[in-house]
Amino acid sequence: MPTDVLSLDIQYLKGVGPMRAATLQREIEVRTVGDLLYNFPYKYVDRSRIHTVAQLADDMPQVQLRGQILDFEKEGAGTKRRLRAYFSDGTGVVELVWFKSIAYVEKAYKVNTPYLILGKPQRFGRRFSIVHPEMEKAEEADNHPTPLQPFYTVTDGMKRSGITSRTVQKLVRNAFDTLRSRIDETLPLYIITEHGLAPLHDALFTAHFPENSMALPEARRRLKFEELFYLQLDILSNAARRRQEAAGFVFTHVGDAFNGFYRYHLPFALTGAQKRVIREVRQDMRSGRQMNRLLQGDVGSGKTVVALMCCLLAIDNGFQACLMAPTEILAEQHHATLARMLDGTGIRVELLTGSVKGARRRPVLQGVRDGSVQILVGTHALIEPTVEFQNLGFVVIDEQHRFGVKQRAKLWAKNTQPPHILVMTATPIPRTLAMTVYGDLDVSVIDELPPGRKPIRTLHYGGRDLGRLYDGMRAELQQGRQVYVVYPLIEESAKSDLLALSTGYNRLCDAFPDFRVGMVHGKMKPADKDAAMQAFIRRETQILVSTTVIEVGVNVPNASVMVIEEADRFGLAQLHQLRGRVGRGADQSFCILVTHRPNLAEHTRRRIGVMCETTDGFRIAEEDMKLRGPGDIEGTAQSGLPFKLRIANLVGDSVLMAEARTEAARVLHDDPQRALPQNQVIWQQMKRLKNGVVDYSSIS
Ligand code: ADP
Ligand code: MG
């Protein structure tokens, strides 16, 4: 038997049992009482005030009423079925309505019994009704007064088993009632004191049952700090271990491949920023440490040539390099670009994607194995176990957001030592977040565009501006320029989207009889897609109608107009990426955002406003994060963490994260042998967290 209640299997907690235990485990990964206590509410509702029915008015938020059900009434059948209860507190009657779980409600709630209910009143005629109210027996509510009621995430699976937020609340209450002593600390006293943290027990209790809203921030700060501290401790100790163990290949040599290319083949002068980044990479490659570097650079800033020159450094030192792109089209384009730039150098660069099959695939794999292929470009097909490198020393990953941490880990197994890694992205993420997601990742920035680029002019047109739009397009086309017209394609509405795309295509064919129009979308066969892209690249078509398949990386410098149809359906980052397809030459380019709705939502107006105002990718990323909230980035980032964050937020809590990181670094520095007695609590907690199942019984 465990000595501590926290490690107790959840099924033995009062009010749970095997059925509910199975549901809790399956739905929200709550296995022990401890898990339950670390399952925090997502909001709190003020329940200090009880209204009367007579006081109800239009537009009130959630209110509490105290009264009794006078009578039930059932109506309708099938999906129209509903249950109605007439509820009175003596000052008037409201209707309570249920569309779901009717059988359960009928059984659970009795007439002539006092209840405390919570819900949002809505007026229907003269009477108010409340749909799916929160119900609690008044007696029970009085036993446990909760001025701020916690609300817990409840999945559909939990609802089906009759577990509501209220049930979870009761279980948490039971757990605290069962505890015989205070919950043991998970941080050393000196850290608690120095950072002014609340004791764990109090923080946990307050996080579930705050006495008032003032008490919450302090409790949550303590719990967040703890979480972030252990996160940073894990990241920093892994980084330290990697630095010791995973020595990197040492590239001391700058030879013919690099110098020859630089002198005779580079088609332009590098920008200062490009030179600086190459220098930073060279230093890493010489250091004896394995490089993990993130290269941030806006669309069009010239990351490809930087990647290529770093590959050449690897080749000069007798190693192979590879470049991974997120899509086949991009991989093909990268391959074509590199092959063109390397023409005449004698360096062998090959392509490997899912479409390179059979007789074409075999020699590539063979060349990779015997080392004659010096640069391999491809999709994630590159990291399949069948691809054996003779001596892989350097890997470039383009557009990191589509590559998971796990996939990167696969790369490490490709040689006796992990190759140097350069991750390139046009979507910058905040520094603390980058350090957390990539551990010991170093960051380089290309903050300068190649010379002579004119900032793209961005305009917002409504549906009525079609004439203006066509005139503008025609003017550019007549000067020999090319035009992209992009339509949204969302899986859920794929049919109507594809219809809009082909309608748009036909309309353009009619409007521009003197020019040729191509079309490409994600539902086409890869070969057809490729043919359409190639035709545009070779200028055989002048207008390319497409869905977002061209989003990332495609390079056609002669294209000078990007028309984005239904721009309101795209996110800011995506709009910026799309716009980056033009403005790649020296001529003035245009981006036209077309919307058809008469009234745009506030958020949409701001997105479009930002696009028209600036072409600075870093500013756009910032605005994007403000508008979208950190959610998306958070999701991607979280997937790479050693354990799930339950209360802290990677983006929102960046200040606390920096504080936790500093403390974690200090602990590692002061106690490298993990021998200090005051720190034992840390290593024990760390072990528990890493084991996934938190075994609180081992706390002495
Ligand atoms: P991204 O950073 O978006 O991947 P690319 O590497 O595709 O950008 O470069 C965009 C365009 O700029 C390409 O046509 C490339 O040849 C060109 N380019 C890159 N560096 C320079 C430079 N220093 N001077 C002039 N043009 C450059
Ligand atoms: Mg690129």
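Two groups are said to be in contact, or to pack against each other, when heavy atoms lie within 4.5 Å. In this predicted model, the buried residues of helix α14 pack in that sense against three strands, namely β11 (320-324), β12 (349-352) and β13 (375-378).

Helix α14 itself spans residues 358-370 and comprises 13 residues. The distance from its first C-alpha to its last is 18 Å, close to the 18 Å expected at 1.5 Å a residue. Its buried residues are R361, V364, L365, G367 and V368. These residues lie on the same side of α14, because they cover an arc of only 160° around the axis. Such an arrangement may be read against the general geometry of the α-helix: with 3.6 residues a turn, residues three or four places apart point the same way. On the other side of α14, by contrast, A359 and R362 are exposed. Just after the helix, G371 adopts a positive phi of about 90°.

A separate part of the analysis concerns the bound ligand. Ligand 1 is surrounded by 16 residues, of which A269, G300, K303, T304 and R453 are the closest. Several backbone atoms approach the polar atoms of the ligand. For A269, a backbone N or O atom is placed 2.8 Å from a nitrogen atom of ligand 1. Oxygen atoms of ligand 1 are approached by G302, with a backbone N or O atom at 3.1 Å, and by S301, with a backbone N or O atom at 3.5 Å. Taken alone, ligand 1 exposes 570 Å², and the protein buries 83% of that area.

Conventions: Residues are numbered from 1 along each chain as its sequence is written. Chains are lettered from A and ligands numbered from 1 in the order in which they are written. This is a predicted model: local features need pLDDT of at least 70, side-chain atom pairs count only at pLDDT 80 or more; totals for chains, interfaces and linings use all residues. Side-chain values use heavy atoms; hydrogens and water are left out. Helices (H or I, at least four residues) and strands (E, at least two) are DSSP runs, numbered from the N terminus. The expected span of a helix is 1.5 Å times one less than its number of residues. Buried means under 20% relative accessible area, exposed over 50%, partly exposed in between (1.4 Å probe, protein chains only). The arc is that of the directions from the helix axis to the C-beta atoms. A residue is near a molecule or strand if one of its heavy atoms lies within 4 Å of it. A polar contact is a pair of N or O atoms within 3.5 Å; within protein, one must be able to donate a hydrogen and the other to accept it, and residues adjacent in sequence count only if both atoms are side-chain atoms. Accessible areas come from the Shrake-Rupley method with a 1.4 Å probe; for residues, only the protein chains shown count as cover.
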